[in-house]
Amino acid sequence: MDAEPPTPLLLEARFTSDGAFVELLFDSQTNQAGFSSTFACSTLLSFSTISSAVCQFSARNVIRIFQSTASRTFFLSLGSEITLKSDTSLRDFCVSGNTA
């Protein structure tokens, strides 16, 4: 039986020590929704200042949110709400050919 893999859970969002970007940590490795480079954050996420940000996976379970170069105001602050959209192609990472 081929069941669709579950959607990973977003565990936390944290600023990096230098404040250059925000990292989102998931509970498991993801398929990165098919992305291999930067992408529009609005494809997977929702937050109030999303138009001034770009995203990129830095690992299978981590998305980095960067402020776009065109924006002059800081895009996120402590307490900002970031949600994972429910209608995305982000799923658990599956390795085909695994046998038990």
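This passage walks through the strands, the sheet, the disulfide and the salt bridges of one protein chain.

The structure is a predicted model, so a few ground rules apply: local features need pLDDT of at least 70, side-chain atom pairs count only at pLDDT 80 or more, and totals for chains, interfaces and linings use all residues. Residues are numbered from 1 along each chain as its sequence is written, and side-chain values use heavy atoms, with hydrogens and water left out.

To start with the overall picture, the protein chain has zero helices and seven strands. Here helices (H or I, at least four residues) and strands (E, at least two) are DSSP runs, numbered from the N terminus. Read along the sequence, that gives the pattern β-β-β-β-β-β-β. Of the 100 residues in the protein chain, 32% are buried; buried means under 20% relative accessible area, exposed means over 50%, and partly exposed is in between (1.4 Å probe, protein chains only). About 6,400 Å² of the protein chain is exposed, and carbon and sulfur atoms supply 49% of that area. Accessible areas come from the Shrake-Rupley method with a 1.4 Å probe, and for residues only the protein chains shown count as cover. As for contacts (heavy atoms within 4.5 Å), residues 24 or more positions apart account for 54% of those with a separation of 6 or more.

Next comes the sheet. Strands of a sheet pair through backbone hydrogen bonds, either parallel or antiparallel. In this model five strands form an open sheet, in the order β1-β2-β6-β5-β3, and the pairing is antiparallel. The edges are taken by β1 (10-15) and β3 (39-40), each with a single partner strand, so one side of each is left without a neighbour in the sheet. Two strands count as a pair if DSSP finds at least two bridges between them. At one edge, β3 is joined to β5 (residues 53-59) by two bridges, with the strands running antiparallel. Phenylalanine 39 has cysteine 55 in β5 as its bridge partner.

At the other edge, β1 and β2 pair in the antiparallel sense over five bridges, and arginine 14 sits opposite glutamate 23 in β2. The hairpin of β1 and β2 has five residues between the strands, and glycine 19 in this hairpin takes a positive phi near 75 degrees. On to the next pairing: β2 is also joined to β6 (residues 62-67), again by five bridges and again antiparallel. There, valine 22 stands opposite isoleucine 65.

Strand β2 (residues 21-26) is mostly covered, with six of its six residues buried. Both faces are covered, too: Phe21, Glu23 and Leu25 are buried on one side, and Val22, Leu24 and Phe26 are buried on the other.

Now for the disulfide. A disulfide is a covalent bond between the sulfur atoms of two cysteines; the cut-off used here is a pair of cysteine sulfur atoms within 2.5 Å. A search of the whole structure turns up one, and this disulfide joins cysteine 41 to cysteine 55, with an S to S distance of 2.1 Å. The pair links distant parts of the chain, 14 residues apart: cysteine 41 is in the loop between β3 and β4 (45-46), while cysteine 55 is in strand β5. The link between cysteine 41 and cysteine 55 is right-handed, with 110 degrees about the S-S bond. Cysteine 41 is buried, at a relative accessible area of 1%, and cysteine 55 is buried as well, at 0%.

Last up are the charged residues. Side chains of opposite charge can pair when their charged atoms come close. Three salt bridges show up in a search of the whole structure, where a salt bridge is a side-chain nitrogen of Lys or Arg within 4 Å of a carboxyl oxygen of Asp or Glu. Arginine 14 forms one with glutamate 12, the closest N and O atoms being 2.7 Å apart. Arginine 14 is partly exposed, at 37% relative accessible area, and glutamate 12 is partly exposed at 35%. Arginine 14 also forms a salt bridge with glutamate 23, where the closest N and O atoms are 3.5 Å apart.

Glutamate 23 itself counts as buried, at 14% relative accessibility. Arginine 64 forms a salt bridge with glutamate 23 too, with the closest N and O atoms 3.1 Å apart. Arginine 64 lies in strand β6 and glutamate 23 in strand β2, so this pair ties together parts that are 41 residues apart in sequence. Arginine 64 is partly exposed, with a relative accessible area of 27%. Put together, Glu12, Arg14, Glu23 and Arg64 are linked in a network of salt bridges.
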